[in-house]
Amino acid sequence: MGFSLKAHNTFGVEVFAKEFIKITSENQIADYFKASSNQDFFILGGGSNMLLTQDIHQTVLHNKITGIAKVFEDDFTVTVEVGSGEEWHELVLWAVTNNYAGIENLSLIPGSVGAAPIQNIGAYGVELKDCFLSLDAIDTHNGSKKFFSKEECQFAYRDSYFKNLGRGKYFITKLRLQLRKKAKLKTAYGAIKSKLDEQGIANPTIKDISDIIISIRNSKLPDPKILGNSGSFFKNPIVTQSVLQQIQLNHPDVKSYPTNDPSQYKIPAAWLIEKAGWKGHNRGTHGVYKNHALVLVNHGDASGSEIKKLAEDIKASVKEQFGISLEMEVNVF
Ligand code: EPU
């Protein structure tokens, strides 16, 4: 039957892998790709941004390369090197404990450090690219080591080189981040501001912000250990001003955010999905989370294909009602 991946994907979907190898060092993965002409592999980190709809007939390479080390320090900054198999939130807690600023707004994002650059994780006004310096990876074709500068990673909204031309070509082994000793905290995001006011905090510490983000996320997003999910299932769509105006005609309450391009606006996918009537939708084994319309959940025994079907139905319904094509954020296999 193979190796069950149920405990290795945050949706908690049961599929089986032909073979499962735990990777614990850069040398091990370099040797694997040097020795093997077999390109039939599947790289798995925390399994937090994927929906598995079928058994994996490839060799699963499970990234467990660990280690967090300070490699440079001056009066204002520290450079940290992190093994890609570390859990992202463990790294955030390490930074918060040491009073290093930069990633506290990214508290509690599920997944591994190695997955973070692939989709340029982001939350509450901060993206990975804001503190990212560089990464090391192993070329999956010949096992050679490759250094990627920030520019080479081509970061964009939930996007990077590794999701596009670089897809499947590299196994990321190590990230370098620059954190700050003198905190310059990002508190502009509405929900953070109101929590600070509520708690009467005028000069928040790094830990205050991290604690607030953790409580906001806990109140809105389900804990994957309790209810299988993969965070935001779709990206927030970017639309032209005329599309936004069209929606505003019938829905003056629609929220929108400016983008780098002054003619384009981001609309919350959660709002579109909620307006289309899907929030809290329940199909027994799976559904749409009651507190956040952008999160699809596995109530227990859903298959990946069932969840995919729900995602497709939501997509079709939003397209029909608003003329907007939602793009999946989660990788479907
Ligand atoms: N909203 C609704 N209905 C809902 C939930 C939200 O209408 O059920 C509307 C509200 O107007 C709200 C707006 O959507 O103000 C935005 O909601 P929220 O602040 O929760 O953020 P989001 O745009 O849904 C994005 C990221 C999240 C990240 C949050 C916070 C994407 C695809 N998602 O969600 O990232 O945590 O912002 O910064 O960009 C993830 O990628 O998995 C993820 C959870």
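**Close-up views of the ligand and its surroundings**

**View 1. Polar contacts between the ligand and three side chains.** In this predicted model, a polar side-chain atom of N236 is placed 2.7 Å from an oxygen atom of the ligand. The side chain of H292 also has an N or O atom 2.7 Å from an oxygen atom of the ligand. For E274, the partner is a nitrogen atom of the ligand, which lies 2.6 Å from a polar side-chain atom of that residue. The ligand on its own would expose 820 Å², and the protein buries 84% of this area.

**View 2. The ligand in its pocket.** The largest pocket is where the ligand sits. Two or more residues of the surrounding shell are given by each of β8 (122-123), α5 (206-220), β13 (228-232) and α7 (269-275). The largest share, three residues, belongs to α7.

**View 3. The residues of the shell.** The ligand is surrounded by 24 residues, and the closest are Y124, Y157, Y189, E274 and H292. Sorted by class, eleven residues of the shell are nonpolar, five are polar and eight are charged.

**View 4. Domains that contribute to the shell.** Domain 2 (68-180) supplies at least three residues to the shell around the ligand, and domain 3 (228-332) likewise supplies at least three.

Conventions
Residues numbered from 1 in each chain as written. Predicted model: local features only at pLDDT ≥ 70, side-chain atom pairs only at ≥ 80, totals over all residues. Heavy atoms only, no water. Near = heavy atom within 4 Å. Polar contact = N/O pair within 3.5 Å; in protein donor to acceptor, adjacent residues only side chain to side chain. Areas by Shrake-Rupley, 256 points an atom, 1.4 Å probe, with all protein chains shown as cover. 1 Å grid on protein atoms, 1.4 Å probe; cavity = no way out; pocket = protein on both sides within 12 Å on 5 of 7 lines; lining within 4 Å. Sits in = over half its atoms within 2 Å of the grid points. Helix = DSSP H or I, 4+ residues; strand = E, 2+ residues; numbered from the N terminus. Nonpolar A, V, L, I, M, F, W, Y, C, P; charged D, E, K, R; others polar. Domains from an automatic or database assignment.
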